[in-house]
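Let's take a walk through this one, starting from a single pair of residues and working outwards. Have the viewer open as you read.

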Amino acid sequence: MLYHCYPQKVADLNFSQSERRNLFLPIAIAVLALAGIAAYILHRLPSHDADLTITRTNTWQAHTIYKTDTIVVGQDKAQDDLYVLATLHVDNRLHIPIFIKDVTATLTTASGDLLETSAAQKTELPPLYETFPALKPLASPPLLRETTIPATQPAEGMVLLHFPGTQDDWTHRKEATLTVAFYHQPPQTITFAKP
């Protein structure tokens with residue numbers, strides 16, 4: 001038996017590569033989309049978390065004389081305490097709630113002494129009002145630690161500060177600042193206006 005071989009046609013080998021796809025347009029669209037998202041986020045997020053304003057400040061000085069109750073005649077001791085009652089207004093500029101962690105203040109006297117204090121806590125206010133009844137008429141509802149300020153909303157309240165000093169120290173001060181520390185955001189400081 002005889003087989004016939006017929007030549008088969010073999011496809012031509014082609015080593016040319018397919019045309020590369022131009023990726024410029026998809027990359028440009030992605031970059032523009034990311035830039036648009038970033039611009040939207042930057043527009044929605046303010047440059048700082050809260051605006052602080054001190055709307056009112058009252059001061060009251062206590063001059064306490066401690067009498068010596070001994071047989072030996074000695075000098076009575078005196079102590080001066082300055083109470084600053086500041087009404088603080090906080091505008092939350094964020095689209096999330098912010099939480100007050102602490103409120104502190106610093107007083108720099110005319111002689112350069114630095115006096116630092118924390119705002120009175122909720123449990124400290126009633127004993128202060130009882131000990132110094134003249135404070136109560138100057139007081140207003142407090143702005144306390146752990147206060148939650150809702151998103152894009154304001155909060156306002158009194159901050160009561162105690163400095164070991166006199167009214168003269170406050171009146172002739174070099175500077176007085178109030179700092180509000182927040183949970184999850186950086187602290188913010190505001191300066192008391194001079195009288």
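Find L88 and look across to β6: the residue standing opposite is G157. That pair belongs to a longer run, since strand β2 (residues 77-92) and β6 are antiparallel and joined by 10 bridges. Keep in mind that you're looking at a predicted model.

Now stay with β6, residues 154-163. Seven of its 10 residues are buried, so the strand is largely enclosed by the rest of the structure. For the chain as a whole, buried residues come to 29% of the 195.

What sits inside? The largest nonpolar core has 29 residues, and those touching the most other members are L88, V90, L161, F163, W170, L178 and F192. Two or more residues of this core come from each of β1 (50-66), β2, β3 (98-108), β6 and β7 (175-183). There's also a second, separate core of 11 residues, with Y83, L128, L135 and L160 among them.

V90 is a nice one to click on. Beyond its neighbours within four places in sequence, V90 contacts A50, D51, L52, L143, I149, Q153, P154, A155 and F182. On the scale of the chain, 71% of the contacts with a separation of 6 or more are between residues 24 or more positions apart.

Zoom out, and the protein chain shows three helices and eight strands. Read from the N terminus, the order is α-β-β-β-β-α-β-β-α-β-β. As for the outside, the chain exposes about 13,800 Å², with carbon and sulfur atoms supplying 59% of that area.

Conventions. Residues numbered from 1 in each chain as written. Predicted model: local features only at pLDDT ≥ 70, side-chain atom pairs only at ≥ 80, totals over all residues. Heavy atoms only, no water. Buried < 20%, exposed > 50% of the residue type's maximum accessible area, 1.4 Å probe, protein only. Helix = DSSP H or I, 4+ residues; strand = E, 2+ residues; numbered from the N terminus. Pairing = 2+ DSSP bridges. Contact = heavy atoms within 4.5 Å. Areas by Shrake-Rupley, 256 points an atom, 1.4 Å probe, with all protein chains shown as cover. Core = buried A, V, L, I, M, F, W, Y, C linked by side-chain atoms within 4.5 Å.
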